[in-house]
Amino acid sequence: MMSLEQLLRQKRTQLINSWFNKLINTYPDESAKFFGQQKNQFANPVGHTFRTNLEKIFDELLEEECSDRIKEYVDAITRIRAVQGFLPSEAVAYVYFLKDSIQEVLKKEIKEGGLYQELVQFQNKLDQLTALTFDIYMQCREQLWEQRANFLNSRTHKLLERANLIKEVEG
């Protein structure tokens, strides 16, 4: 009888493809089609970033303990989604898409192999990953707001200077 980890390794490509498709299907049809079909990383940097980092996240999740590198992989995907106007729940939902993919691809094996306890343990890892993803999303959004505030402050200052409403203080 195979363990859940063995099944995940055996069905790695199928699971990652399903996960990737669920992620890109959160985009409008034309974008999703482009992200999924164009393999060139220079012609399709978003699709390439999604695919390669989903693969790396998946491999990290199969380790007993995830390394600190998982933060980089999550950041690469989440940073893109943070600037694209998704609601926070939508931006981080891609982690849960792996749960759906596992249920779809391995449903029969999990049921027949009595692997529910292992599945729950793996899903706990995904819940922790979701929390990390949300933290990264919020950091990205804070950076965006800070940049916008700095830009507006700078712009307002320049307008006031041009209108001679601000004078430089000589020291």
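# A tour of the packed helices

Begin by selecting helices α2 and α7, where α2 passes α7 in a right-handed crossing (right-handed if the near helix is turned clockwise from the far one by less than a right angle, left-handed if anticlockwise). Helices here are DSSP runs of H or I with at least four residues, and strands are runs of E with at least two, numbered from the N terminus. The model is predicted, so local features need pLDDT of at least 70 and side-chain atom pairs count only at pLDDT 80 or more, while totals for chains, interfaces and linings use all residues. Residues are numbered from 1 along each chain as its sequence is written, and side-chain values use heavy atoms, leaving out hydrogens and water.

## α2 against α7

Two packed helices are described by the angle between their axes and the distance between the axes. For α2 and α7, the axes come within 9 Å and cross at roughly 135° (axes are lines fitted to C-alpha atoms, for helices over the stretch in contact, with angles from 0 to 180 degrees between N-to-C directions). That angle makes α2 oblique to α7 (under 35 degrees is roughly parallel, over 145 roughly antiparallel, 65 to 115 roughly perpendicular, and the rest oblique).

Which residues of α2 should you display to see where this helix meets α7? Select Gln14, Leu15, Ser18, Trp19, Lys22 and Leu23 in α2, and then, on the α7 side, Tyr94, Val95, Phe97, Leu98, Asp100, Ser101, Ile102, Glu104, Val105 and Leu106; contact means heavy atoms within 4.5 Å. If you colour these residues by type, you will find ten nonpolar, three polar and three charged (Ala, Val, Leu, Ile, Met, Phe, Trp, Tyr, Cys and Pro count as nonpolar, Asp, Glu, Lys and Arg as charged, and the others, Gly among them, as polar).

Stay in α7 and centre the view on Ser101, which has its place in that helix. Is Ser101 buried or exposed? With a relative accessible area of 0%, Ser101 is buried (buried is under 20%, exposed over 50%, and partly exposed in between, with a 1.4 Å probe and protein chains only). When residues up to four places away in sequence are not counted, Ser101 touches Leu15, Ser18, Trp19 and Lys22.

## α2 against α4

Now keep α2 (residues 12-24) on screen and add α4 (residues 45-61), whose axis comes within 10 Å of the α2 axis and crosses that axis at roughly 135°. The two helices are therefore oblique to each other, and α2 passes α4 in a right-handed crossing. On the α2 side, select Arg12, Leu15, Ile16, Asn17, Trp19, Phe20, Leu23 and Ile24, which make the contact with Gly47, Phe50, Arg51, Leu54, Glu55, Ile57, Phe58 and Asp59 of α4. The residues of this contact divide into ten nonpolar, two polar and four charged.

Before leaving α2, pick out Asn21, which is found in this helix and is partly exposed, with a relative accessible area of 35%. A distance drawn from the C-alpha of Asn21 to that of Gly36 should read 7.3 Å, although these residues are 15 apart in sequence.

## The nonpolar core

Next, look for the largest nonpolar core, which has 44 residues, and highlight Leu8, Ile57, Tyr94, Ile102, Leu106 and Phe122, those with the most contacts inside it (a nonpolar core is a set of buried Ala, Val, Leu, Ile, Met, Phe, Trp, Tyr and Cys residues joined through side-chain atoms within 4.5 Å). Helices α1 (4-10), α2, α3 (29-37), α4, α5 (69-82), α6, α7 (94-113) and α8 (116-162) each supply at least two residues of this core. Which helix gives the most to this core? The answer is α7, with eight residues.

Zoom in on Leu8, which, leaving aside its neighbours within four places in sequence, is in contact with Leu15, Phe58, Leu62, Ile102, Leu106 and Phe122. Then select Arg9, which is found in α1 and is partly exposed at 41% relative accessible area. Apart from neighbours within four places in sequence, Arg9 is in contact with Leu62 and Glu63, and its C-alpha is separated by 9.5 Å from that of Phe58, 49 residues apart along the chain.

## Last stops: Thr78 and Pro88

Move to helix α5, where Thr78 has its place and is buried, with a relative accessible area of 0%. Not counting residues up to four places away in sequence, Thr78 touches Tyr94, Thr133, Ile136 and Tyr137. Finish at Pro88 in helix α6 (residues 88-92), which counts as partly exposed at 32% relative accessibility. With residues up to four places away in sequence not counted, Pro88 touches Phe134 and Tyr137.
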